[in-house]
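Work through the exercises below with the model in view. Try each task before reading its solution.

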Amino acid sequence: MAATLLELKPGDKAIIEEVSESEASLMSRIMALGIVPGEVLEVLRKAPLGDPMQIKVGSTLISIRRTDCQLISVTPQSSNV
């Protein structure tokens, strides 16, 4: 079941499936942070109004804006895995 990163809640883990094509500079920045297909991410927290969201990819902590979260397709992992 695919979703966007924006739909996840703190504590959720997911596998990155796709980063939608958009501006080349934005794509380059997102991928340089380690947000690439096949990587596992974990949502650590969201700001009170939901923007930005803090995620962990590998050992890297990243704060990412809502607009950028909508570009990232993920497959949530079940909590008992």
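The exercises go from the whole chain to single residues.

This is a predicted model, in which local features need pLDDT of at least 70 and side-chain atom pairs count only at pLDDT 80 or more, while totals for chains, interfaces and linings use all residues. Residues are numbered from 1 along each chain as its sequence is written, and side-chain values use heavy atoms, with hydrogens and water left out.

**Exercise 1. Describe the overall fold.**

Step 1. Count the elements: the protein has two helices and six strands. Helices (H or I, at least four residues) and strands (E, at least two) are DSSP runs, numbered from the N terminus.

Step 2. Put them in order. Along the sequence the pattern is β-β-α-β-β-β-α-β.

Step 3. Check the compactness. The radius of gyration is 12 Å, close to the 12 Å that the globule rule gives for 81 residues, so the protein is as compact as a globular protein of that length. This radius is taken over C-alpha atoms, and the globule rule is 2.2 Å times the number of residues to the power 0.38.

Step 4. Look at the contacts (heavy atoms within 4.5 Å). Among those between residues at least 6 apart in sequence, 59% join residues at least 24 apart.

**Exercise 2. Find the largest nonpolar core and the elements that build it.**

Step 1. Fix the terms. Buried means under 20% relative accessible area, exposed over 50%, and partly exposed in between (1.4 Å probe, protein chains only). A nonpolar core is a set of buried Ala, Val, Leu, Ile, Met, Phe, Trp, Tyr and Cys residues joined through side-chain atoms within 4.5 Å.

Step 2. Size the core. The largest one has 22 residues, and Leu5, Ile35, Leu41, Ile55, Ile64 and Ile72 have the most contacts inside it.

Step 3. Name the suppliers. At least two core residues come from each of β2 (13-19), α1 (24-32), β3 (40-46), β4 (53-57), β5 (60-64) and β6 (72-76).

Step 4. Zoom in on Ile64. Beyond four places in sequence, its partners include Leu5, Ile35, Ile55 and Ile72. In soluble globular proteins, nonpolar side chains tend to be buried together.

**Exercise 3. Compare the settings of Ile62 and Gly58.**

Step 1. Locate them. Ile62 lies in strand β5; Gly58 is in the loop between β4 and β5.

Step 2. Read the accessibility. Ile62 is buried, at 4%, whereas Gly58 counts as exposed, at 52%.

Step 3. List the partners of Ile62. Outside four places in sequence, it is in contact with Leu33, Ile35, Met53, Gln54, Ile55 and Val57.

Step 4. Take a distance for Gly58. Its C-alpha atom is 7.2 Å from that of Val40, 18 residues apart along the chain.

**Exercise 4. Trace the salt bridges.**

Step 1. Count them: the structure holds two. A salt bridge is a side-chain nitrogen of Lys or Arg within 4 Å of a carboxyl oxygen of Asp or Glu.

Step 2. Take the pair Asp68 and Arg29, with N to O at 3.4 Å. This pair links distant parts of the chain: Asp68 is in helix α2 (residues 66-69) and Arg29 in helix α1, 39 residues apart.

Step 3. Add the pair Asp68 and Arg65, whose closest N and O atoms are 3.2 Å apart. Shared partners join Arg29, Arg65 and Asp68 into one network.

Step 4. Check the burial. Asp68 is buried, at 3%. Arg29, at 40%, is partly exposed, and so is Arg65, at 43%.
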